[in-house]
Amino acid sequence: MPVMKRRSFGVPEMLLFLSVAILVIVVAVPVLLILYTSFFVDGHFNAGQVMSILSEPDIYEALLNSLFIASGTCIMSTFIGTLFAWLVVRTDLPYKGFMKTLFLVPFMLPSFIGAIAWKMLLSPRSGYINILLMDLFNLEEPVFDIYGYGGIMAIETMYLFPFVFIQVCGALERMDPTLEESARISGASLLTITRKITLPLMAPSIMSGALLIVLYSMAHFGTVAVLGMENGIFNIPVLIYEKIHQSAGSFDSIRAGTVMAAVLIVSAAFIIWLQNKVLSRGRYQIIAGKSFRPMEVKLRGLRIPLFIFCLAYIGFTIVLPTVTIFLVGGLSTYGVDITWENLSLDNYKFILFEWDLTRDAIWNSVSLGLGAAVITMFAGVMISYVIVKMQVRGKGILEFLGMLPFSVPGSVIALGVILAWSGKFGINLYNTVWIILVSYIARYMAFSLKANSAALEQVHDSLVEAARACGAGMGQALKDIVLPLVRPGMFAAFFLIFLPAMRELTVSIMLYAPTTRTIGVAIYTLNEDGETVLSAALAGIALIIIVTGQSVIKYFQNRKAG
Amino acid sequence: MKRRFTAALAGLALSALLVAPASQASAADLVIYTSMKEALIGPMTKAFMAKHPDIKVDHQSAGAGKLMAKIAAERQSGTILADILWTSEVPDFYALKREGLLEPYVSPNAKDILNPLPDFDGSFTPIRLGTLGIVYNTRFMKKAPEKWSDLFEKKNSPFGIANPALSGTAFVSVFLLSEQFGWDFFKDLKKNKAKMGKGSGQVIDDTAKGDLLACLGVDYQTFSKIDKGAYLGMAYPPEMLVVPSPAAIFKNSPNLEAAKKFIDFMLTEECQKIVAENGTLPVHPGVKVPAKYNLPDQTEAMKRAIPIDYPKLITSKQATVDQFTEIFGKKK
């Protein structure tokens, strides 16, 4: 471990200072304002009101629902994500590269759009699949009912498992295969190697992916709002949303919302504490700065069946809902049959060329997504470096600060950002795009920190030490050794921020002004307004933009790699 | 190589950010927060801007509950962005007036309008009389329902009502129906598989698809879908739901004169015709709704309407919403 020189203001101190400053300004101030708002009434501490809000039975139920849905989603996503990651990285599955890209596609699909699509397909009375099956087999009762815990978990899993998938893929690719090879040479069976070497090495990545899913799912609004709300299933974010929209949005409701957000913050703190406890049992530095081509497991007879299974999974979870969205987007009005006479491009034309609202929304989302992703990527790599590689007291606080916005529902982040950036402290960003940018940075900082610190954790300190020993300054060591090695982490961070920011909903819906609508806001409000076909068409266009954006980025990445 | 890409990306993002604010509205624009859908508010602002080319009108269309949340947040921050509010959530207007947030303005065009609101002082002026009826899926319900009790004719027929916490028309309708028929009406509906939807428009689309057999639907939203070929029908039972939608100017609006002009314009025959052509009742007594909509005219609608006890409506908002969610919010 490098020993930092103290009492001189060199590169490390500057990095530390900047990291703390960024996190305090972007994250801590809004969160503290949320806590202050929930616990203090007119400047006085008021625990009684907090208790009376917390003693409502709705809140327990919402918390239990949040936990139940998050656990189910986490278990299913971790299993699916790890399995597919292993298949595309470490086996001789056909078309692996292409399959890997396909498995990342659900990450681009907004989960609330997915929920809307699955509602179209599987709603018990009129879902296309249910009607088809009932016609085919002459059934009286529908086969599937998407409304319920099972449906919510299944759909969250479909769209959240890439969190685990990305993390595990990255770790598997960077893993030093000599460890496994030496075990094999020593006569260990595949099962033993997997159990004793691969899985323990993967554990930090699997855990951090699983943790992301638990936090994300607990604070997830869209799917529960679409599939649960009408049937009395609600989690904390949905309850906050409802509370805030009751009582004509009086400040009491906003306070009730912030109190519930405090419950989520506490749960998140507990989960993070738990994760640190698990992870601290063993940290592995498994990159030594060299690139390996990992050994491939031969699937033999299972190769084709597993390939078909992967294709079926992709077809069922990606192609089917996407096609549904595009087809419904072409209908003249919702509910008419999908036939050639009823399909046209009119909705798409209207959205792209005639309607200011949707054109503004597309432009806003693209610029906000790029801006937030670039800024957060660079800030994240710096802060992660301080957290992972520098021995500084109190850096756990830094890490916790970075995870906070992730565990707070977007709508409450938005409230915090409004409280912080609306002129009370001299800067008024309210009703501009900048406030949305600030909240995106706050919201997605956790993604960037996770991706970057995972990458940094695997860069062995010996490399920096070697550079320093050869006479390089701290700055030069960072530039020439650390940055090139963590670039994959930075790119991962970029995708993890840019793609979800492109269709971000929960934050923007609280912050948008008439001319600063984002794509997510436009899709959701159109859907809620009963403009189902227009909202499906806009969702289709959003998907095209996101996929195109990713292809462009991929192209650049491949060019520089080649 | 890699660096060039990163630099290009950063450059792209920065330039995007620098350009983005250019698309923002300038300060002199008139901003309207409304629960009316694009089909209604869009043509109105277009017609207004054609008459007043010097005023640019921007509108934000969302459910009344959402708009009030936005206004509450904006009040916390010090400035309400909107100049005009136009929704169907009548109690909100009385609450805002009580808090001194509305600018009273009696438009010269307001003299002859049909105004069901008591204590009119210009703080808010009704622009349309929204009607709600039973919207039904014509594939699943061959016979149009005629009275409210027809909803119980078929067992297990899901009926949709928008969330009264989010939708102003749904709130007033729930209040009126509970006054008229008691809460048992809703309990029976729930027993018959009724569901609480989200926005007022969404229940209509769910009915068109067949997820719901029928729903409580707003006039113009339903008619615009019927025009496009949706399998929907609109039925008005004898006890009609007529909900006035008032508009108000916010105090300290920086665009006060423009806002007054817009209120004046909304009450003109020209604008009221836009209201009528969309299939909702105008407040201008001389303007008639096109016959194709089969909508009772203003006089008949007012006669058949369940009378609104305004003081009670205003004071019982939270209780109504709570009672409704108590019945509908619980699990199946």
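# Report on chains A and B

N156(B) is exposed, with 8 other C-beta atoms within 10 Å of its own. (A residue is exposed if 12 or fewer other C-beta atoms lie within 10 Å of its own, buried if there are 20 or more, and partly exposed in between; the C-beta atoms are placed from the backbone.) The model is predicted: local features need pLDDT of at least 70 and side-chain atom pairs count only at pLDDT 80 or more, while totals for chains, interfaces and linings use all residues. Residues are numbered from 1 along each chain as its sequence is written, and chains are lettered from A and ligands numbered from 1 in the order in which they are written.

## Positive phi angles

N156(B) is placed in the loop between β5 and β6 (159-162) of chain B. Helices (H or I, at least four residues) and strands (E, at least two) are DSSP runs, numbered from the N terminus. The phi of N156(B) is positive, near 50°, although N156(B) is a residue other than glycine. Most residues other than glycine have a negative phi.

D119(B) is also not a glycine, and its phi is positive at about 55°. The loop that holds D119(B) runs between β4 (102-103) and β5 (124-137) of chain B. D119(B) has 9 C-beta neighbours inside 10 Å and therefore counts as exposed. The table sets out these two residues together with two glycines that follow helices.

| Residue | Place | Phi |
|---|---|---|
| D119(B) | loop between β4 and β5 of chain B | about 55° |
| N156(B) | loop between β5 and β6 of chain B | near 50° |
| G182(B) | just after α5(B) | about 80° |
| G530(A) | just after α23(A) | about 80° |

## Covered helices

Helix α5 of chain B covers residues 168-181; its 14 residues should span 20 Å at 1.5 Å a residue, and its end C-alpha atoms are indeed 20 Å apart. (The expected span is 1.5 Å times one less than the number of residues.) Of these 14 residues, 10 are buried, so α5(B) is largely enclosed by the rest of the structure. Among the buried residues of α5(B) are F171(B), V172(B), F175(B), L176(B) and L177(B).

Chain A contains 24 helices and 2 strands. Its residues number 562, of which 52% count as buried. Helix α16 (residues 356-389) of chain A has 34 residues and reaches 48 Å from its first C-alpha to its last, close to the expected 50 Å. Burial is the rule in α16(A), where 29 of the 34 residues are buried. Helix α23 (residues 519-528) of chain A is mostly covered as well, with 10 of its 10 residues buried; these include I519(A), Y524(A) and E528(A).

## Helix pairs in chain A

Two packed helices are described by the angle between their axes and the distance between the axes. (Axes are lines fitted to C-alpha atoms, for helices over the stretch in contact, and angles run from 0 to 180 degrees between N-to-C directions.) The axes of α5 (residues 111-122) and α7 (residues 149-160) of chain A come within 10 Å and cross at roughly 135°. The two helices are therefore oblique to each other. (Angles under 35 degrees count as roughly parallel, over 145 as roughly antiparallel, 65 to 115 as roughly perpendicular and the rest as oblique.) Residues S111(A), G114(A), A115(A) and W118(A) of α5(A) meet I155(A), E156(A), M158(A) and Y159(A) of α7(A). The residues of this contact divide into 5 nonpolar, 2 polar and 1 charged. (Ala, Val, Leu, Ile, Met, Phe, Trp, Tyr, Cys and Pro count as nonpolar, Asp, Glu, Lys and Arg as charged, and the others, Gly among them, as polar.)

The axes of α19 (residues 433-457) and α21 (residues 474-502) of chain A come within 8 Å and cross at roughly 155°. This angle makes α19(A) roughly antiparallel to α21(A). Among the residues that make the contact are Y444(A), F447(A) and A451(A) of α19(A) and M490(A), A493(A) and I497(A) of α21(A). The contact residues comprise 15 nonpolar, 3 polar and no charged.

## A buried valine and contacts along the chain

V417(A) belongs to helix α18 (residues 410-421) of chain A. V417(A) counts as buried because 29 C-beta neighbours lie inside 10 Å. Apart from neighbours within four places in sequence, V417(A) is in contact with P30(A), I435(A), V438(A), S439(A) and A442(A). (Two residues are in contact if their C-beta atoms, placed from the backbone, lie within 7 Å.) V417(A) and A442(A) stand 25 residues apart along the chain, and their C-alpha atoms are separated by 8.9 Å. In chain A, residues 24 or more positions apart account for 79% of the contacts with a separation of 6 or more.
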